Amino acid sequence: TLLASSAASDVYKRQLHAKDVIQNKTGEKLGRIDDLVFSADTAQIEKAVLRGRPRCFGLFGRGPDLEIPWGDVKTIGTDVLIVDTELPPEERSRPRW
């Protein structure tokens with residue numbers, strides 16, 4: 001049933017990938033989920049990962065990824081995830097879209 005579990009998590013990841021991530025305190029759009037980190041022991045989601053913004057259309061790489069602990073996810077709606085997480089100081093001043 002590991003295959004079934006893997007298939008179910010893939011469907012769940014695709015559903016989450018289509019949702020915007022919004023910071024609860026500011027209403028700021030942080031982006032969309034690019035990856036999920038699972039616990040090797042419990043197979044539970046530990047973190048959602050949002051890839052860093054491209055620098056100069058990607059020619060200079062990307063900014064740092066934003067990792068959101070799954071415990072910071074407050075609501076999963078039809079179109080958005082509401083999170084209650086603090087942004088690093090350098091990310092607060094830049095839009096993440």
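Let's start with the nonpolar core, the largest one in this predicted model. It has 15 residues, and the members that touch the most other members are Val21, Leu30, Ile33 and Trp70. Where do those core residues come from? Strands β4 (45-50), β5 (66-69) and β7 (80-83) each supply at least two of them. The largest share belongs to β4, which gives three residues.

Let me stay with valine 21 for a moment, since you can find it easily on the screen. Leaving aside residues up to four places away in sequence, which residues does valine 21 touch? There is a run from Glu28 through Lys29, Leu30, Gly31 and Arg32 to Ile33, and then there are Leu50, Ile68, Leu81 and Val83.

Right beside valine 21 in the numbering is aspartate 20, and that takes us to charged pairs. How many salt bridges does a search of the whole structure find? The search gives four. One of them joins aspartate 20 to lysine 29, with the closest N and O atoms 3.6 Å apart. Is aspartate 20 buried or exposed? Aspartate 20 counts as buried, because its relative accessibility is 17% and the cut-off for buried is under 20%. Its partner, lysine 29, is partly exposed at 37%. Arg32 comes into the picture too, as Asp20, Lys29 and Arg32 are linked in a network of salt bridges.

Next, please look at glutamate 86 and lysine 25, whose side chains meet in a salt bridge at 2.6 Å, N to O. This pair links distant parts of the chain, 61 residues apart. Glutamate 86 sits in the loop between β7 and α2 (89-92), while lysine 25 sits in the loop between β1 (20-23) and β2 (29-32). Lysine 25 is exposed, with a relative accessible area of 57%, and glutamate 86 is partly exposed at 47%.

Another pair brings us back to two strands we met in the core. Lysine 47 and glutamate 67 form a salt bridge through their side chains, 3.1 Å from N to O. Lysine 47 is in strand β4 and glutamate 67 in strand β5, 20 residues apart, so to speak of distant parts of the chain fits here as well. Both count as partly exposed: lysine 47 has a relative accessible area of 30%, and glutamate 67 has 44%.

Last stop, the loop between β4 and β5, where you will find glycine 63. Glycine 63 is buried, with a relative accessible area of 12%. From glycine 63 to arginine 51 is 12 residues in sequence and 7.9 Å in space, C-alpha to C-alpha.

Note on methods: Residues numbered from 1 in each chain as written. Predicted model: local features only at pLDDT ≥ 70, side-chain atom pairs only at ≥ 80, totals over all residues. Heavy atoms only, no water. Core = buried A, V, L, I, M, F, W, Y, C linked by side-chain atoms within 4.5 Å. Buried < 20%, exposed > 50% of the residue type's maximum accessible area, 1.4 Å probe, protein only. Helix = DSSP H or I, 4+ residues; strand = E, 2+ residues; numbered from the N terminus. Contact = heavy atoms within 4.5 Å.
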